[in-house]
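Student: Could you take me through one part of this protein up close? I'd like to start from a single residue and work outwards from there.

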Amino acid sequence: MRFRRVRQGVRDACVTASAVGVGLLTLEGARQTYPDPARAHLIRDLLIGLVACLVLLLFRRRRPVRVALVLTATGLFASSSWGATAMAVFTVAVHCSWRATAAVTALNVSYIVLTFTQVDELTRRERLESVLVFLLGYAVLVIGGLLVRSRRQLIESLRERARQAEEEQRLRVEEARHLERERIAREMHDVLAHRISLLAVHAGALEFHADAPADQREAAGIIRRGAYEAMEDLREVIGMLRTDPGDGAPEPGARDAPVPDGEDERPQPALSDLPALIEESQRAGAHVTFDDRVPDPAGVPSRIGRHAYRIVQEALTNARKHAPGAHVSVTVESTGPGGTLAIEVANRLPPGPPPAPALPGAGAGLVGLRERVDMLGGALEHGHTQDGHFRLYAKLPWPS
């Protein structure tokens with residue numbers, strides 16, 4: 001924007017300087033025609049020419065046709081204003097339609113022809129040459145103005161075409177993204193929902209089997225509840241995939257799993273839900289200790305608490321996958337609003353390969369945690385320690 005204003009200022013200065021130069025040349029020609037003009041006449045002529053140049057400089061862009069008509073009238077009283085009149089005609093050719101340009105040019109040409117026909121001091125040849133010089137000058141100005149206008153229109157049309165091409169490309173990318181999201185959601189629903197529901201059914205049958213021992217029933221109940229919660233999480237993820245980020249509404253025609261009444265929106269986890277998460281892992285057989293050093297977990301902002309919950313959840317999942325049976329310690333502490341919320345999860349590394357096949361994974365858990373922490377402007381550290389532990393440490397900023 002600043003560069004554009006500077007460029008317009010340079011153009012205005014060039015147009016005004018041209019008007020001054022042409023006006024002085026016209027005044028010098030008039031002095032040669034009238035060898036002994038009065039001093040007062042010259043001063044008046046110069047003042048009118050100066051006012052005409054100021055009017056041209058200040059108003060030529062906003063009201064080009066009106067400025068050209070007013071400056072044409074000033075030519076009746078001052079020869080030095082003819083330069084401003086000529087540049088006003090050039091401005092009309094640049095900014096206005098060809099009809100307005102033709103009308104203003106015809107008016108000025110008629111005025112010039114009429115003016116020179118009234119000068120008795122010129123011979124017929126001199127009068128004809130003067131008229132031709134002015135007509136050629138006006139022709140050059142008008143043609144130049146029309147060329148400038150055509151060039152600007154061409155550049156603007158090219159810019160508009162570029163904007164349209166970018167918009168079309170953006171729409172194509174959005175459409176492809178939406179189709180891919182719908183395809184992923186459909187595959188997740190058709191494949192994962194089927195397998196998880198089978199898992200829940202078999203676990204339920206084992207839980208309520210009359211001949212099953214009590215410990216097996218308890219384990220089956222944990223599996224059944226975990227499968228149900230996995231189905232709920234899957235439903236939420238599918239809903240997010242099939243939702244347009246632009247308006248938050250599901251895409252037309254998208255399939256989805258049935259949603260029970262009153263459960264359109266599941267509550268997001270908070271920092272106060274960490275004890276339940278730890279207890280769930282303990283019921284599943286994990287050795288987890290939780291050291292909560294946050295005085296008021298309910299006072300933690302929901303956004304910070306949700307990400308802290310997900311970080312601990314992913315860390316516990318990684319511990320179950322890579323170090324089954326190992327003791328896991330979870331520590332959460334904070335310095336209060338305006339400070340940080342620190343999360344530390346550590347577990348001892350297994351001495352050898354796990355006794356059972358490792359759980360499958362996409363290998364993107366720590367990458368996802370890094371993205372969460374970076375989104376909040378925090379810091380994340382993870383790796384092996386010298387005492388044979390794997391330590392994950394995240395520090396999240398707590399706005400005041």
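Tutor: Let's start with Arg-310. If you skip its neighbours within four places in sequence, Arg-310 is in contact with Gln-268, Pro-269, Leu-369 and Arg-372. Is Arg-310 buried or exposed? Its relative accessibility is 18%, so Arg-310 counts as buried, the cut-off being under 20%. One thing to keep in mind as we go: this is a predicted model.

Now zoom out a step. Arg-310 sits in helix α9, which covers residues 302-322. That helix lies across β1, β2, β3 and β5 (389-397), and it runs at about 5 degrees to β3. Helix α8, made of residues 274-283, lies across β1 and β2. The angle between α8 and β1 is about 165 degrees.

So what is the sheet like under those helices? Five strands make an open sheet with mixed pairing, in the order β1-β2-β3-β5-β4. At the edges you find β1 (287-293) and β4 (379-384), each of which pairs on one side only. On average, neighbouring strands here are turned by 10 degrees against each other, if you ignore direction.

Let's walk across part of it, beginning at β1. Seven bridges join β1 to β2, and these two strands run parallel. You can pick out one of the partnerships by eye: Phe-290 has Val-330 in β2 as its bridge partner. To get from β1 to β2, the chain crosses through α9, the helix that holds Arg-310. This β-α-β crossover is left-handed.

Next comes the step from β2 to β3. Strand β2 (residues 327-334) and strand β3 (residues 340-348) run antiparallel, with seven bridges joining them. Val-330, which we just met as the partner of Phe-290, stands opposite Val-345 in β3. Further along, Ser-334 stands opposite Leu-341 in β3. The two strands form a hairpin with five residues between them. Look for Gly-336 in that turn: its phi is positive, at about 90 degrees. While you're looking at strands, here's a handy general point: in a regular strand the side chains alternate between the two faces of the sheet.

Before you trust every detail, check the confidence. The pLDDT averages 80 over the protein, and 85% of the residues score at least 70. Residues 246-264 are another story, with a pLDDT below 50, although the model gives this stretch 26 contacts beyond near neighbours in sequence. The pLDDT also stays under 50 over residues 355-363, where the model has four contacts beyond four places in sequence. Where pLDDT is low, the predicted coordinates should not be read in detail.

For a contrast with the sheet, hop over to some helices and their aromatic rings. How many aromatic pairs are there? The count comes to two. In one of them, the ring centres of Trp-82 and Tyr-111 are 5.7 Å apart and the planes meet at 65 degrees, so this pair is edge-to-face. Trp-82 belongs to helix α4 (residues 82-95) and Tyr-111 to helix α5 (residues 98-117), so the pair ties together parts 29 residues apart in sequence. Both Trp-82 and Tyr-111 are buried.

Trp-82 also pairs with Phe-134: their ring centres are 5.3 Å apart with planes at 80 degrees, so that pair is edge-to-face too. Phe-134 lies in helix α6 (residues 124-207), so here Trp-82 in α4 is tied to a part 52 residues away in sequence. Put together, the ring pairs link Trp-82, Tyr-111 and Phe-134 into a cluster. Trp-82 has a relative accessibility of 11%, so it counts as buried, while Phe-134 is partly exposed at 22%.

Helix α6 holds another residue to find, His-178. With a relative accessible area of 16%, His-178 is buried. His-178 and Leu-241 are 63 residues apart in sequence, yet their C-alpha atoms are 8.5 Å apart in space.

Finally, step all the way back. The protein has ten helices and five strands. Of its 400 residues, 31% are buried, with Arg-310, where we began, among them. And if you take the contacts with a separation of 6 or more, 68% of them are between residues 24 or more positions apart.

Conventions:
Residues numbered from 1 in each chain as written. Heavy atoms only, no water. Pairing = 2+ DSSP bridges. Helix = DSSP H or I, 4+ residues; strand = E, 2+ residues; numbered from the N terminus. Axes fitted to C-alpha atoms, helices over the stretch in contact; angles between N-to-C directions. Contact = heavy atoms within 4.5 Å. Phe/Tyr/Trp six-rings, centres within 6.5 Å; stacked < 30°, edge-to-face > 60°. Buried < 20%, exposed > 50% of the residue type's maximum accessible area, 1.4 Å probe, protein only. Right-handed = clockwise from strand over helix to strand, strands pointing away. pLDDT = per-residue confidence, 0-100.
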